[in-house]
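This briefing introduces a structure to a reader meeting it anew. Please consult the sequence and model below before turning to the points that follow.

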Amino acid sequence: MYFIFIICFIIAFFITVLFFSRIKYIEHNLTLLSSLIGVIEVRDPNLEGHSLNVRNLSLLLYYHLPFSYQIQINPLKLQYATLFLDIGKLCIPSSIIEKCGKLGKDELDIIRYHPHLSANVLQNVKGFQKIAKWIKYHHERVDGRGYYKLKGDEIPLASRIMAVADTFSALVMERTYKPSLSYEDAIAELRLAAGSQLDRALVEYFCAISMRDIEKSMEEVKAQMQMYSLENCMSKKE
Ligand SMILES: [Fe+2]
């Protein structure tokens, strides 16, 4: 009996060690991936840390959701999805992405296609099919007027979470074609979009997060992006 207990203890110990080393390995991968995404986005004034913001804000929202929501999503997979969500924009000509004026219908159609392009990047990666699906629907509208005409709960929960974080980040960030909004104005815009573009319940959970936590999360991204900024590196050298 005593011998069986020792054997069970050793097996449980090794399973625990394997589990935590696997988590550590995934976290290392995510850190590496966020650095690469940051370096890619630093060149584009209309992205500049946007995906990193979406990652941080989506995670913040995830941890403010009730347990019944949280058990539906693996937060590690959510991070991969948020970091890759706009990678498809790299396939779109910069003349369209960086255009200051109003976009024509054809140009808008090309922009609207970027979730599909992003999903294609991951589609054939083993174990990433679910993440690719979340990415594909990250701009779907809950009223069913989106690109794929999915409605409400037909849109994966992770995609609806990313949509709230994505919209907030886009509103508060300055772009070549629009100024940035304050926290209060961006929250007001989210509430206006609740129930039509965005999931109403998720918007309310997002609005319940403290302004301090949201700003802290965005400050972290700003600091990370500063590290990749050529001007910043040159000024430190001088
Ligand atoms: Fe997007």
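A residue is called buried if 20 or more other C-beta atoms lie within 10 Å of its own, exposed if 12 or fewer, and partly exposed in between, with C-beta atoms placed from the backbone. This is a predicted model, in which local features need pLDDT of at least 70, side-chain atom pairs count only at pLDDT 80 or more, and totals for chains, interfaces and linings use all residues. Residues are numbered from 1 along each chain as its sequence is written.

**Confidence**
- The protein chain has a mean pLDDT (the predictor's confidence in each residue, from 0 to 100) of 88, and 97% of its residues reach 70 or more.
- Helix α13 (residues 230-237) has the lowest mean pLDDT among the elements, 67, and α11 the highest, 97; helices are DSSP runs (H or I, at least four residues), numbered from the N terminus.
- Where pLDDT is low, the predicted coordinates should not be read in detail.

**Lys-149**
- Lys-149 lies in the loop between α8 (129-136) and α9 (157-172).
- Lys-149 is exposed, because 10 other C-beta atoms lie within 10 Å.
- Although not a glycine, Lys-149 has a positive phi of about 60°.
- Most residues other than glycine have a negative phi.

**Nonpolar core and α9**
- The largest nonpolar core (buried Ala, Val, Leu, Ile, Met, Phe, Trp, Tyr and Cys residues joined through C-beta atoms within 7 Å) has 40 residues, and Val-164 is among those that touch the most other members.
- Helix α9 gives the most to this core, with 9 residues.
- Ile-161, in helix α9, is buried, because 28 other C-beta atoms lie within 10 Å.

Technical notes: Helix = DSSP H or I, 4+ residues; strand = E, 2+ residues; numbered from the N terminus.
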